Amino acid sequence: MLSIAEIWQWLFDVTNWEGRYGLVNLFFEHMTLSFSAILIAALIAVPIGVAIGHLGKGEAVVVAISSISRAIPTMGLLFALVMFMGIEFRGFAVTLALVIIAIPPILAGSYAGIKAIPQTISQAAKAQGMTAQQLIWHVELPLSAASIIGGVRIAYIQVVSTVVLAPLIGLGGLGFGIIQGLALRDFAQVTSSALIIVFITILGDRLIGFAQKLTAVKLAAVEIDR
Amino acid sequence: MEWALKNLELIFDLTMTHLWVSLVPLVIGSVIAIFLARIVPKRFAGSVNGTLGALYAIPSLALFVALPALIGTNYVGPINVVIALSLYVVASMFFSARDAFSQVPAPAIFIARAQGMSPWQRIIHVELPLAIPGLIAGLRVAAASTVSMASIGAVVGVRNLGYLFLDGFQRKIADEIVTGLFAIFVIAIVLDAGLWFLSKVLTPWSKKSVQHA
Amino acid sequence: MKKMTKSSIALSAVAILGLAGCAEAGSETIVIGSQAYYSNEIVAEAYALVLEDAGFQVERQFSLGQRDVYVPAIVAGEVDLFPEYSGNLLQYFNPEASETSAEDVYNALVAALPAGLTALTLSGASDQDSYNVTKEFATENNLVSIGDLAALANVTLGGPPELTGRPYGPQGLLTTYGVTVAFEATGETTVESLVAGLIDMANVYSADPRIQQLGLVTLKDPQGLFLASNLVPIASGAVNADARALINAISLAMSAEDLVAMNVRSVEEQLSAAVIARDWLVSKGLLN
């Protein structure tokens, strides 16, 4: 079995950190792909989720998208899009796949956040003379921020996990160490890369969770949590 | 769908492997999750939740290749993947199982105690049946994730439907990839419907209670 | 289910004995593995079909991944039979190997194999790594052999991620031909990337039908960067003499053209390995 010493050695070998396929570059590739996709997905999903929650129409769509999306195999989606769009557009294809994966949880989080706001608060705001826009921006969004961020948190996990597979289509990302390591039977590389991926994912999850807690508001009637 | 028709036997074999590589973790994982959810005392629930939450965040491929170093399983083969998937199911279901048990109406538990049931009898005859709707709801979520996540096992040599993605991409056969997507989707839907039906069958009282309300 | 009738007890006993009988036969099962490469799978499937037809118990464990992952499995006895490529396998055991001809490579391989593994008859069918460029690129830059690349400034090489660790990879290019390349891990998108101009040179298997289909130019290798690599079955002790004879017949009957033709069928007709292997075996009279 692999010893901790071997893993340590691999991690502290500078050559593994530099260059086109060094950990530093792979990390940036991984994060760039992930965050751009999450951002695009949020720009699409938050408005739609808020609108559906606000208007109270189209809820079935949110539920349907949420349940269906869980069953989508990420690797299949990735390969299918890259194949259909062609190699020249693989960056675009990957981003599209990641956006498709990121939208459902953010949509669900946005919708749930709005939905959880008690009617009394919205009514009180309207009674104060707030327009719909003011209601959304000054009341509903701040109150549902934690839930939206919760959705982003789930999206982060899904997206970062999928980018691990990017080397299979000729892109970089931290999964490269796993794919190359498996092929070269360099299990120190495989395990070290896996551990780094685990660390990045959990760290990101915790950071976003912290942001979630910061924006959480305890409403009298309903607790928005997790 | 021409490709699919020409390769039915292959698709069948892959589907069978995919089914057992998905179902075994679901069974093992949910049993462990239900057990843990019921047993773990409140003060530890937070840290267990935290640990499982961290576990759930781990990308599947990373876990598939990290486990062998940690617990000595083979890098290649289904056992490793089944263990990893079971861990995901436990992580996914622990929270919903705990929720399900907390939804069991307190009066029902009081009545059971009053009737002189032992704790185990209470759990099996009262709490579990009443928690079933919540448990199965959680199980449906876990099932969909597990069925789709299992396909990544193909990268480490598990010959399930994920193979269709890898081979289809290698040979540039779009139909093959689409067939894989479709097959996994169908399995997920059938499993979901089956679990929904199971929930109805196991809780014949739910209809009556609605009428009374 | 509290009462068990006499008949159900009897049935259970028969079932248990039957299972016990199956378990004994199980120890004679030949486990056949393959790489995660459709061409390799076709050959492995041919082995499986022929053995099953002769009455052997066969278990297929295909798509095991890279050599570096499955060779330990073979050595440990988890896999019994595997279609391999002589040159690549020799380099796996002996990275310094300098033999280049098919025969020399085979003899060196036999010597290099660990105890418990035997190389069966070498096949005429070759499938080795090769460096390829597009026809336009070759004409523009007057490229005939790998060494001609030394005259170019920026050459990007594409191939599987593990190419950087292979003796014939970028390091080998430098030491053998004085060619410096930048490497792009293109994985399964290598050929497309070459055609799209994202890379200049691609590592493609010589039996890949796309070399002919796309008019790619395989650069000549006079210095022997690549070892000759032919199909060779690797077997453990669990494969007895009768089984070996059947497998050897396959090796002898398969030519390089046969292999390419089967690969073409896989990519163009999109048939499964089982169908292609069966058809070929029948055409060669090795299967009914």
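Q: What makes A:Ala37, A:Ile38, A:Ala41, A:Ala155, A:Gln158 and A:Val159 residues that A:Ala102 touches?
A: Two residues are in contact if their C-beta atoms, placed from the backbone, lie within 7 Å. A:Ala102 touches these six residues, with residues up to four places away in sequence not counted. The model is predicted: local features need pLDDT of at least 70, side-chain atom pairs count only at pLDDT 80 or more, and totals for chains, interfaces and linings use all residues. Residues are numbered from 1 along each chain as its sequence is written, while chains are lettered from A and ligands numbered from 1 in the order in which they are written.

Q: Which residues have the most contacts inside the largest nonpolar core?
A: They are A:Ala102, A:Ile106 and C:Tyr47, in a core of 209 residues. Such a core is a set of buried Ala, Val, Leu, Ile, Met, Phe, Trp, Tyr and Cys residues joined through C-beta atoms within 7 Å, where buried requires 20 or more other C-beta atoms within 10 Å of a residue's own.

Q: Why is this core said to lie between domain 1 and domain 2 of chain C?
A: Domain 1 (29–126 + 229–283) and domain 2 (129–218) of chain C both give residues to the core, so it lies between them; the bounds come from an automatic or database domain assignment.

Q: What share of chain A counts as buried?
A: Of its 226 residues, 48% meet the burial criterion.

Q: What is the secondary structure of chain A?
A: Chain A has nine helices and zero strands, where helices (H or I, at least four residues) and strands (E, at least two) are DSSP runs numbered from the N terminus.

How values were computed: A residue is buried if 20 or more other C-beta atoms lie within 10 Å of its own, exposed if 12 or fewer, and partly exposed in between; C-beta atoms are placed from the backbone.
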